[in-house]
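Student: I have a structure open and want to test the labels people put on it. Can we go through them one by one?

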Amino acid sequence: MVEVKPSGKILGARVEELDLSKPLSAEHFALIVRTMATHGVVCFPDQHLAAAALKSFAARFGTLEVNVAGTFQEPDIPEVMILSNIVENGRPIGMADAGQDWHTDMSYSKTIAFANVLYGIHIPRRNGRVLGNTEFLNMVAAYDDLPDDIKSRLKDATATHDFNKFWEKMRREKGSARPPLTEEQRRKKPPVSQPIFLKHPISGRMVLYANPGYAVRIDGMPEHESDELLEFLFQHQLQPKYKYAHEWSENDVLMWDDLVTLHNAVADYGATEHRLIKRCQVMADRVFDPNYLSGALQ
Ligand code: SIN
């Protein structure tokens, strides 16, 4: 029987005994969406999914993004991106340094992300210790704790998010070998404005939806004031009290609600300690529809 086991921490739950390779019933679909809204991060252990099945599962929740970074995609399934440090015959098989700092996927997109769905195939270990955790921060808790004057000052404010901010930070500060974004990539993902606070469509809770990965400017505010306020929000949301870490096992499917969380892929493993993860990104193009949970939109 399908069972939800909360981690008892600030985020995280396991959903056991649900085979994601099989078509998902309306009941289990709603269970997953509610579990994500409540616990932010959901692990489905012991899954056995071909890339096409990963795509089919993820696509139940919204339209899938084809990532603008583009190069490392599953053959014939561009919605499935390969994240890996494995090199075969001198060629990397995946993107080696995706997500290695705090960010929210697709906050830089006109249509933001609802969820990420990752499937762990090779997980690095050293002396029995699991490496390459994915860490999360709870943005409902972070919003709740904000001082009232900040909540009212930024109530209807928006911030500009830019895909190039994270990309360039990886090149500048983390020694990433990724080349600069091309003109075409930049044209496909121009800077966009997003609300700083948003109401979660399923839980109704308010969320702090700015993140240090992509937010560059509070719109309509003098630059120095925007810089100060953004820095305050970043320091606030990065506090360890909001943090939860997922320690991977092979065959985990890890799904998280991008409206509730920030995440960071921990780069604590070396070139010969292999990590292979396949990823789909689900757009929030359906989750804001009031009929979403009823399954009417399947
Ligand atoms: C991501 O940012 O989606 C990558 C997370 C990970 O590889 O742990």
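Student: What supplies the exposed surface of the protein chain?
Tutor: This is a predicted model. The protein chain exposes about 13,500 Å², and carbon and sulfur atoms supply 49% of that area.

Student: What makes the protein chain as compact as a globular protein of its length?
Tutor: First, the parts: seven helices and 20 strands. The radius of gyration is 19 Å, and the globule rule gives 19 Å for 298 residues. The two values are close, so the chain counts as compact as a globular protein of that length. Of the 298 residues, 55% are buried.

Student: How many aromatic pairs are there?
Tutor: The count is 12.

Student: Why is the pair Phe-114 and Tyr-292 called edge-to-face?
Tutor: Ring centres must lie within 6.5 Å, and planes over 60 degrees apart count as edge-to-face. Here the centres are 6.0 Å apart and the planes stand at 90°, so the label fits. Phe-114 sits in strand 8, Tyr-292 in the segment after strand 20, 178 residues apart.

Student: How do you know that Phe-114 is buried?
Tutor: Buried means under 20% relative accessible area. Phe-114 has 0%, so it is buried. Tyr-292, at 2%, also counts as buried.

Student: Why is the pair Phe-163 and Tyr-214 called stacked?
Tutor: Stacked needs planes under 30 degrees apart. These planes are at 15°, with centres 6.3 Å apart, so the pair is stacked. Phe-163 lies in helix 5 and Tyr-214 in the loop between strand 15 and strand 16, so the pair ties together parts 51 residues apart in sequence.

Note on methods
Residues are numbered from 1 along each chain as its sequence is written. This is a predicted model: local features need pLDDT of at least 70, side-chain atom pairs count only at pLDDT 80 or more; totals for chains, interfaces and linings use all residues. Side-chain values use heavy atoms; hydrogens and water are left out. Helices (H or I, at least four residues) and strands (E, at least two) are DSSP runs, numbered from the N terminus. The radius of gyration is taken over C-alpha atoms; the globule rule is 2.2 Å times the number of residues to the power 0.38. Buried means under 20% relative accessible area, exposed over 50%, partly exposed in between (1.4 Å probe, protein chains only). Accessible areas come from the Shrake-Rupley method with a 1.4 Å probe; for residues, only the protein chains shown count as cover.
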